[in-house]
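Reader: Hi! Could you walk me through this one? I'd like to go over the interface first and then whatever else turns up.

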Amino acid sequence: MAVTTRASARPKRTVAMPRRILVNPVVRTLGPFVPVVLLWWLLAELDVFPGAFFVGPDTVVGEFAELMRKGVLPGYLSDSLTRLMYGVGFGLLIGLPLGFAIAMSFWARRLTWPLLLFFQAIADIAWLPIVIVWFGFSLTAVTFVIVYTIVFPLVLGIVAGVEQVPRELIRAARSLGAGRLRVFLEVIVPGALPSLASGIRTGLGYGWRALVAAEIIVGTSGVGFMMFDARRVGDVAEVFLGMIVLGVLWYATDALVLAPFERATVERWGLVRQAEAGK
Amino acid sequence: MTALEISGLSKDYVDAYTGEEITAIGDVSFTVDRGEFVSILGPSGCGKTTVLNIIAGFVKQTGGTVKVGGRVVDGPGPDRGVVFQSHALFPWKTVLGNAAFGLRMKRVPPKQREATAREYLELVGLAGFEHKYPHELSGGMQQRLGVARVLANEPDVMLMDEPFASIDAQTRRKLQEDLTRVFELRRPTVFFVTHDIDEAVFLSDRVIVLSTRPSIVREIVTVDLPRPRTWRETTQLPEFRHLSNRITELLTGGAEDVHPAIDPD
Ligand SMILES: Nc1ncnc2c1ncn2[C@@H]1O[C@H](COP(=O)(O)OP(=O)(O)OP(=O)(O)O)[C@@H](O)[C@H]1O
Ligand SMILES: [Mg+2]
């Protein structure tokens, strides 16, 4: 009896330990970066690449402290984020109603679909030359490009989402007395949300990339400009720093905005299989 | 008093690919009285779901009329509540939110609709689950909610399309007994589609048997079994077996129809 208990308790504990560590949010978030940073540091220490091309983590941290102290980084960061906010704001303002209008009407979908596909194919950056001609090197030009990149994935996401709403749910709502507006607000919008959320996620990702690209080309300030300007003067540490900032910002957007939104809606309602469900 | 009156119903479908026209329902007429439980049985593909969908207003009939409470119906409405085989609960609403949905559409004040919704949830055995989401419930419990959501809305007729077909046999028996209990307590008018003969006999006051496509009413069998009914007691009644055999015969064509067909000449 005692032997069996021992034997069954043993493997249990060896499984439980690493699992407890993995569940810790800090470990789960930062853990995967540890080997990457170590490798980076090792490559720098061993002087695998010349210093003018490759700097180590310590140099980049020093650069970070320097730019924070001088206020350059906070300034550029807030410039970039402000542009992104404008772009995303207008993008949602245009994309949400447009998406639902197209999704809800058979004819609207028929008529706009070729246009959507055509304009989606023109890369965001490909608009920059003409946009600069129209709006100059301005916030408007950058906003235009971000809005452009966000609207298409959003519209396509909404159309796909509305199509996925089970017909039976609409029928159920109708026979419980819901009129067309109620069906739209109470069934179609929440039903389209999983697809809409992934449309926003894709759109934001594209928008963020478009912003950096636009800043490089149009740039007078911002993180993209900072990186490109640093390259001009050969400051590799600043280029590295810019890249890290981009990664961290995207991670933060996901962790602070997108993921909580999805947890509160789509996952809560059981519309996606949660990662935990399998265990 | 007649709650539901179907007269001369017919339905032709046009096949989307071949363009061929199929007559699903030939000519179907029947009535359902208020507080009556009527089931419809028939071979697969004979148009049972179609009849229900026409009554619900989801599908337009080719000919004939549907009257609910004396009024001709056109399109879905809250006077005809539907319990779906797939449950069709709103995943983004809690159990309470689902049950109160119809009342909210009727603009019943929040206090009152919550009280009513809770009352019906308790009736179907979902008390204590008010703040769960549908995906947190078992299949059986989800269908209980499907029933509560319709009953809370107090429709003229509750339409059910094989509501227990996707539920395991054990739970199904329990759900059927509970549905009978709720029916005996509240006496809603129920129109029930099924392909399970025992289920139809156990639940119903009358069973409509349809023929194969294009369907007509083959016979309407009156089930005069005493209520309250339970599986254990009701199935022991000789009358239960007799009715069940009678309907089986009707569905398989009946002895007098089958023999000539088998005859080699
Ligand atoms: N939307 C549709 N378009 C074309 N034909 C259809 C459509 N819906 C049903 N039918 C046809 O009409 C007939 C009746 O279908 P229905 O679903 O009403 O039968 P049922 O009695 O409910 O069958 P089951 O017992 O399998 O549920 C079938 O032959 C089916 O193929
Ligand atoms: Mg059917």
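Author: Happy to; we can take the interface, the pockets, the cavity and a few backbone details in turn. One thing to keep in mind is that this is a predicted model.

Reader: Good to know. So how many residues of chain B are in contact with chain A?

Author: On the chain B side there are 25, and they are in contact with 20 residues of chain A. Together the two chains bury about 2,100 Å², with 64% of it on carbon and sulfur atoms. B:Trp92, B:Met105 and B:His135 supply 30% of the area that chain B buries against chain A, which is more than any other three residues give.

Reader: Nice. And how many salt bridges are there across the interface of chain B and chain A?

Author: The rule finds two. One of the salt bridges involves A:Glu186 and B:Arg104, whose closest N and O atoms are 2.5 Å apart. The pair crosses between chains, running from helix 10 of chain A, where A:Glu186 sits, to helix 3 of chain B, which holds B:Arg104.

Reader: Why can side chains like that pair at all?

Author: Opposite charges can pair when the charged atoms of the side chains come close. For the wider picture, the count of salt bridges over all chains is 23.

Reader: What about polar contacts between chain B and chain A, how many residue pairs?

Author: Six residue pairs are in polar contact between chain B and chain A, counting pairs with both residues at pLDDT 80 or more. As for who supplies the chain B side, strand 6 (80-83) and helix 3 (101-105) each give at least two residues to it. Helix 3 of chain B gives the most, with four residues. By type, the chain B side that touches chain A has 14 nonpolar, seven polar and four charged residues.

Reader: Thanks! Changing topic: what volume does the largest pocket have?

Author: About 760 Å³. It has 26 lining residues, and the closest to its centre are A:Phe33, A:Val37, A:Trp40, A:Ile244 and A:Val248. The elements that give two or more residues to this lining are helices 2 (25-30), 3 (33-45), 4 (57-70), 5 (72-104) and 12 (236-267) of chain A.

Reader: Which helix gives the largest share of that lining?

Author: Helix 12 of chain A, with nine residues of the largest pocket's lining.

Reader: And how does the lining of the largest pocket divide into nonpolar, polar and charged?

Author: There are 24 nonpolar residues, two polar and no charged ones in the largest pocket's lining.

Reader: How about the second largest pocket, what's its volume?

Author: The second largest pocket comes to about 470 Å³. Of its 14 lining residues, A:Ile170, A:Arg174, A:Arg180, A:Val183 and A:Ile188 are the closest to its centre. Helix 5, helix 9 (167-175) and helix 10 (180-218) of chain A each supply at least two residues of that lining. The lining of this second pocket has 10 nonpolar residues, no polar ones and four charged.

Reader: Helix 10 has come up before, hasn't it?

Author: Yes, helix 10 of chain A also holds A:Glu186, from the salt bridge with B:Arg104.

Reader: Got it. Now closed spaces: how many cavities of 30 Å³ or more are there?

Author: The count comes to one. About 90 Å³ of space lies in the largest cavity. Its lining residues include B:Val124, B:Gln143, B:Arg144, B:Phe164 and B:Asp178. Helix 5 (139-151) and helix 6 (169-186) of chain B give two or more residues each to the cavity lining, and helix 6 of chain B has the largest share, with four residues. The cavity lining divides into six nonpolar, one polar and two charged residues.

Reader: Last topic, the backbone. Where is B:Pro214 placed?

Author: B:Pro214 is in the loop between strand 9 (206-210) and strand 10 (215-222) of chain B. A cis peptide bond joins B:Arg213 to B:Pro214, with omega about -10°. Another cis peptide bond joins B:Arg227 and B:Pro228, where omega is about -5°. B:Pro228 lies in the loop between strand 10 and helix 8 (231-234) of chain B.

Reader: And what's the phi of B:Arg107?

Author: B:Arg107 has a positive phi of about 60°, although it is not a glycine. You'll find B:Arg107 in the loop between helix 3 and helix 4 (110-123) of chain B.

Terms used. Residues are numbered from 1 along each chain as its sequence is written. Chains are lettered from A and ligands numbered from 1 in the order in which they are written. This is a predicted model: local features need pLDDT of at least 70, side-chain atom pairs count only at pLDDT 80 or more; totals for chains, interfaces and linings use all residues. Side-chain values use heavy atoms; hydrogens and water are left out. Contact means heavy atoms within 4.5 Å. Buried area is the accessible area (1.4 Å probe) that two parts lose on being put together, summed over both. A salt bridge is a side-chain nitrogen of Lys or Arg within 4 Å of a carboxyl oxygen of Asp or Glu. A polar contact is a pair of N or O atoms within 3.5 Å; within protein, one must be able to donate a hydrogen and the other to accept it, and residues adjacent in sequence count only if both atoms are side-chain atoms. Ala, Val, Leu, Ile, Met, Phe, Trp, Tyr, Cys and Pro count as nonpolar, Asp, Glu, Lys and Arg as charged, and the others, Gly among them, as polar. On a 1 Å grid over the protein atoms alone, a cavity is a set of points where a 1.4 Å probe fits but cannot get out, and a pocket is an open set with protein on both sides within 12 Å along at least five of seven lines; lining residues have an atom within 4 Å of a point. Grid points are joined across faces, edges and corners, and a volume is the space filled by probe spheres set on the points.
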